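Let's take a walk through a protein together. Have the sequence and the 3D view open, and look up each residue as it comes along.

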Amino acid sequence: MRIGLDCRIYSSKFTGLGRYTYELVENFTKLNGRLKNHHELILFFNNPEFQEFPNHPHVQKILVNCKHYSLKEQTTFLAKLNKEKLDLVHFPHFNVPIFYNKPFTVTIHDLTLTHFPGRKMTKWYHRLAYHLTIKHAIKKSKKIIAVSNHTKEDLIKNFKINPTKIAVIYNGISSHFKKIPHTASEISKTLKKYEITKPFLLYTGVWRNHKNLPRLIEAFKILPDPSALKLVITGRPDPHYPEVKNTVKSFHLEKEIIFSGLVEENELVHLYNAAAIFVFPSLYEGFGLPPLEAMQCGTPV
C-alpha cells in the first residue's frame with residue numbers, strides 16, 4: 001500500500017502533537033522494515049524538518065511548507081496529496097484539507113479548542129475554520145483514533161458520532177523516561193544550568209488557559225514555607241498568556257519560581273527524576289501524558 005502521513009507537526013521536542021507524530025514515524029518505519037512486503041510510506045513535511053529527516057528504505061519525503069489553517073493547506077497541500085495517489089493517509093491532527101476525499105484516518109487528541117478556545121486565532125473566521133476542519137475530519141474519515149475514553153465520549157457528545165467509528169488507542173511512554181540515580185552527574189549539570197539549588201516542584205507543558213498555571217502559582221504561594229522550595233515551570237513563554245508571569249510578580253515569587261523555557265529531551269528526563277513532586281493542575285486534558293512520564297521516572301504526581 002501507499003500510505004501517507006501528515007508530518008507537518010513532526011518534532012522530536014516534547015511538544016505533544018509533534019512528539020506523537022515523531023514516535024509514529026519512528027516506530028512505523030521500524031515495523032515496516034521488518035515486513036516481507038513493505039508498504040510505501042510517504043511523509044509530508046514542512047521545513048526545517050523536511051531537510052533534517054534522514055533517508056529510510058521504503059520512505060519518500062515530500063516538502064509541502066503549508067501551515068495549519070492556511071489557504072495553502074487547502075490548495076497546495078491538497079494538490080500534493082492528490083498527486084501521490086495514496087491508498088490511505090493518516091492525519092495525526094484533525095487538519096485535513098476539506099476537499100480531500102480519498103480514504104484517510106485521523107487522530108483526535110482532545111477538544112480543547114471547543115471547550116477552551118484560547119487567545120490565539122480568535123476572530124470569527126478562525127473559529128469557522130476550526131469548526132469546518134474538525135467536522136470534515138470526523139465525518140469523512142474511515143476511522144477516528146481517540147487517545148482516551150474521555151476524548152471518545154467528548155466526540156460522541158459534541159458531534160453525535162457512531163461510537164463504532166472511534167478506536168481508543170492510548171499514548172505510550174517513550175523508553176527515554178526512566179529512573180536515574182539522583183547522584184548522577186548529568187542530573188547535577190542540568191540542575192546547575194537552571195540554577196535549581198533546593199528541592200523543587202515541576203510543571204511541564206504549554207501555558208494556555210486550560211493548564212491553570214496562575215492557580216498553581218497561587219497554591220504555591222500558600223504553602224507554609226514557599227521559600228524552602230522552588231517551583232520549576234518549563235515550556236516556551238507565551239505572550240498571549242501574560243498572567244503567568246504577572247501572577248509571579250504580584251506575589252513577589254521571582255526568587256522561588258524558575259521559568260526554564262523549552263528544555264531538551266535529556267534535560268526533561270533529568271528534571272523529572274530530580275523533582276520532589278510533579279504537578280499538573282489542568283482543567284481539561286484529552287490524555288495528559290506528562291504525569292505518566294513523571295511516574296515512569298519514579299516521581300510522585
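What follows is a tour of the inside, one helix, the charged pairs, the cysteines and a loop. Keep in mind that this is a predicted model.

Let's start with the nonpolar cores. The largest one has 29 residues, and F91, Y100, I108 and L155 are those with the most contacts inside it. Several elements each supply at least two residues of this core, among them strand 2, helix 4 (76-83), strand 4 (88-91) and helix 7. Which helix gives the largest share? That would be helix 6, with four residues. Now zoom in on L155. Leaving aside residues up to four places away in sequence, L155 touches I108, L111, I138, I144, K160, I161 and I166. There's also a second, separate core of 20 residues, including I196, F200, Y272 and A275.

L155 sits in helix 7, so let's stay there for a moment; this helix covers residues 149-159, and its buried residues are T151, D154, L155 and F159. They span an arc of only 100 degrees around the axis, so they end up on the same side of helix 7. Turn to the other side of the helix, and you'll find E153 and K157, which are exposed. Right after helix 7 comes K160, which has a positive phi, near 55 degrees.

Next up are the charges. Side chains of opposite charge can pair when their charged atoms come close. How many salt bridges does a search of the whole structure find? It finds nine. One of the pairs is R8 with D6, where the closest N and O atoms are 2.9 Å apart. Both R8 and D6 are buried.

Another pair is R19 with E265, and here the closest N and O atoms are 2.8 Å apart. This pair links distant parts of the chain, since R19 is in helix 1 and E265 is in helix 11 (residues 265-274), 246 residues apart. Is each partner buried or exposed? R19 has a relative accessible area of 7%, so it counts as buried. E265 is at 25%, so it counts as partly exposed.

Helix 11 also takes part in a salt bridge between K193 and E267, with the closest N and O atoms 2.7 Å apart. Again, distant parts of the chain are linked: K193 belongs to helix 8 (residues 185-193) and E267 to helix 11, 74 residues apart. K193 counts as exposed because its relative accessibility is 52%, while E267 counts as buried because its value is 8%. Salt bridges can link up too: R2, E40 and E84 are joined in a network of them.

What about the cysteines? A disulfide is a covalent bond between the sulfur atoms of two cysteines. This structure holds zero disulfides. Take C66 and ask why it has no such bond. The closest cysteine sulfur belongs to C7, and it is 14 Å from the sulfur of C66, so that's too far for a bond. C66 is buried, with a relative accessible area of 0%. C297 is buried as well, at 4%.

Our last stop is K36, in the loop between helix 1 (17-34) and strand 2 (40-45). Its relative accessibility is 82%, so K36 counts as exposed. Now look for H136: it is 100 residues from K36 in sequence, and the two C-alpha atoms are 35 Å apart in space.

How values were computed:
Residues are numbered from 1 along each chain as its sequence is written. This is a predicted model: local features need pLDDT of at least 70, side-chain atom pairs count only at pLDDT 80 or more; totals for chains, interfaces and linings use all residues. Side-chain values use heavy atoms; hydrogens and water are left out. Buried means under 20% relative accessible area, exposed over 50%, partly exposed in between (1.4 Å probe, protein chains only). A salt bridge is a side-chain nitrogen of Lys or Arg within 4 Å of a carboxyl oxygen of Asp or Glu. The arc is that of the directions from the helix axis to the C-beta atoms. A disulfide is a pair of cysteine sulfur atoms within 2.5 Å. A nonpolar core is a set of buried Ala, Val, Leu, Ile, Met, Phe, Trp, Tyr and Cys residues joined through side-chain atoms within 4.5 Å. Contact means heavy atoms within 4.5 Å.
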